[in-house]
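User: I would like a close look at one part of this protein before I plan any further reading of it. Please take me through a helix and its surroundings in connected prose.

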Amino acid sequence: MSAAEGPLVVGVDTSTQSTKALVVDAATGRVVASGQAPHTVSSGTGRESDPREWWDALGEALNQCGEAAHEAAAVSIGGQQHGLVTLDGQGEPVRPALLWNDVRSAPQARRLIDELGGAKAWAKRTGSVPSASFTVTKWAWLAEHEPDAARAVKAVRLPHDYLTERLTGEGTTDRGDVSGTGWWASGTEEYDEGILARVGLDPALLPRVVRPGEVAGTVRDGHGLPFSKGTLVAAGTGDNAAAALGLGLRPGVPVMSLGTSGTVYAVSQRRPADPTGTVAGFADARGDWLPLACTLNCTLAVDRVAALLHLDREAVEPGTDATFLPFLDGERTPNLPHSSGLLYGLRHDTTAGQLLQAAYDGAVHSLLGALDLVLDADADPSAPLLLIGGGARGSAWQQTVRRLSGRPVQIPEARELVALGAAAQAAGLLTGEDAAAVARRWNTAAGPVLDAVERDEATLNRITGVLSDAAPLLERDAASR
């Protein structure tokens, strides 16, 4: 390993499926070591993980980084949003964490919206209208369905909070991640005690919200990880806010992330409040805002369709009028938590490759439908759409996004942008720089640009029509099946 030009920092991405760690040269942004270890996620109606697996995976990922991790001067953790981590008085999980894509709390979400003034009031109060993904609905579900577990809880954390606390011994979070809970008021940037009282959650169980640029703590003794005692620990943040840092995003630049979930977002200097609930009014990790729309079904859903058809994921064929809505896990955008996949327009001459292309089209349609709502009115409509996440490397994803968006599409060469954003946040603690400025200095968004092509309005309109006509069927809840 060649000598680093500056101090080393560690950026972590604890995602749904695995934990990744990067050791980065703070001066240049060069990744000098990396590691990754998987998690287990339950299947069935719920989506749960044991938080202790995240800690074990973090240790394994850091061990793969070797001596470089031990030399790090600062560390930051980016993590999957919304997950409900419940801890007892010894800091041990009361039960497995309820993850962002667990939709069992959809009835609680509807009830909370009604009980606290409706969707418009929620958007004004918290910046978002809660769906089954939001942490507040998961706590309401837990209190209703597992009251003994709820009574045993002595601390409530988000996934990145849990790992940060095990490093520092201090219960902390940040504005980016806490803005996705549903119990943080975006106007005052404080916990909303009225909402907490409604769901029976004591504010004393929640972590302190660390300000942008503030040190969350230092690594304590006895952690068992290859960090030196006293290593600085940054606030960390949610995965999308971390990726925005990793790109060094400026206001108005659109991003589409293709992973287990799909997201579209952009940094804004205006506090968002969409009463339709399509756009979540998240905060970013710097002091601005990150209006965002999220789908539950993205790369995993399309890969599942490819597997069912016994095709490689790139084996798409053009020329179909079939429509595939790949809502295999229910859906968040549009808000159809109990929906399932739907195929319409199948003909004798429809090929398997055309069906696979229809699945890609259905997944991208949901994201593009929210993009105009995410962007401010003064955003440049011709600016390249930054395409990130695991799917961004796939030609079928690239060409589908290009054809359905009508925009130029830029694919940043930098990988693991959540972990890179966390690393930039850690570097900012050492240099005093804004974390996004650190990432811009590292030139993380650089990459090839695919020219714009004519937008495929016919396909977009066809999918919109099928979705509208099928809405009564898709909106049926599980009890009516």
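What follows is a walk along one helix, then to a nearby topic in the loop, the sheet and the cysteines.

Analyst: The model is a predicted one, and the part I have chosen is helix α16, which runs over residues 457-474. With 18 residues at 1.5 Å a residue, this helix should span 26 Å, and because its end C-alpha atoms lie 24 Å apart, the expected and the computed span agree. The helix nevertheless has a kink of about 35 degrees at Ser468, shortly before the proline Pro472.

Which residues of α16 are buried? They are Thr459, Leu460, Ile463, Val466, Leu467, Ala470, Ala471 and Leu474. Among the elements that cover these buried residues are two strands, β20 (323-325) and β21 (342-344), together with two helices, α12 (352-374) and α13 (395-405).

Those two strands lead to a further residue, since the loop between β20 and β21 is where Pro337 is placed. Pro337 has a relative accessibility of 14%, and because buried means under 20%, this proline counts as buried. Setting aside neighbours within four places in sequence, Pro337 is in contact with Asp329, Gly330 and Glu331, and also with Val103 and Ala106. Val103 is 234 residues away from Pro337 in sequence, yet the C-alpha atoms of the two are 6.0 Å apart in space.

Turning to the sheet, seven strands form an open arrangement with mixed pairing, in the order β18-β19-β17-β16-β22-β23-β24. Its edges are β18 (280-283) and β24 (449-450), each of which pairs on one side only. Strand β24 runs antiparallel to β23 (residues 409-410), to which 2 bridges join it, and within this pair Val409 has Leu450 as its bridge partner. In general, the strands of a sheet pair through backbone hydrogen bonds, whether parallel or antiparallel.

The cysteines complete the account, as the structure holds 0 disulfides. Cys294 is in no disulfide, and the nearest cysteine sulfur, which belongs to Cys298, is 9.1 Å away; a disulfide would need the two sulfur atoms within 2.5 Å. Cys298 is likewise in no disulfide, the sulfur of Cys294 being its nearest at 9.1 Å. As to exposure, Cys294 counts as buried because its relative accessibility is 7%, and Cys298 is buried with a relative accessible area of 1%.

Methods. Residues are numbered from 1 along each chain as its sequence is written. This is a predicted model: local features need pLDDT of at least 70, side-chain atom pairs count only at pLDDT 80 or more; totals for chains, interfaces and linings use all residues. Side-chain values use heavy atoms; hydrogens and water are left out. Buried means under 20% relative accessible area, exposed over 50%, partly exposed in between (1.4 Å probe, protein chains only). Two strands pair if DSSP finds at least two bridges between them. Helices (H or I, at least four residues) and strands (E, at least two) are DSSP runs, numbered from the N terminus. The expected span of a helix is 1.5 Å times one less than its number of residues. The bend at a residue is the angle between axes fitted to the seven residues ending there and the seven starting there. Contact means heavy atoms within 4.5 Å.
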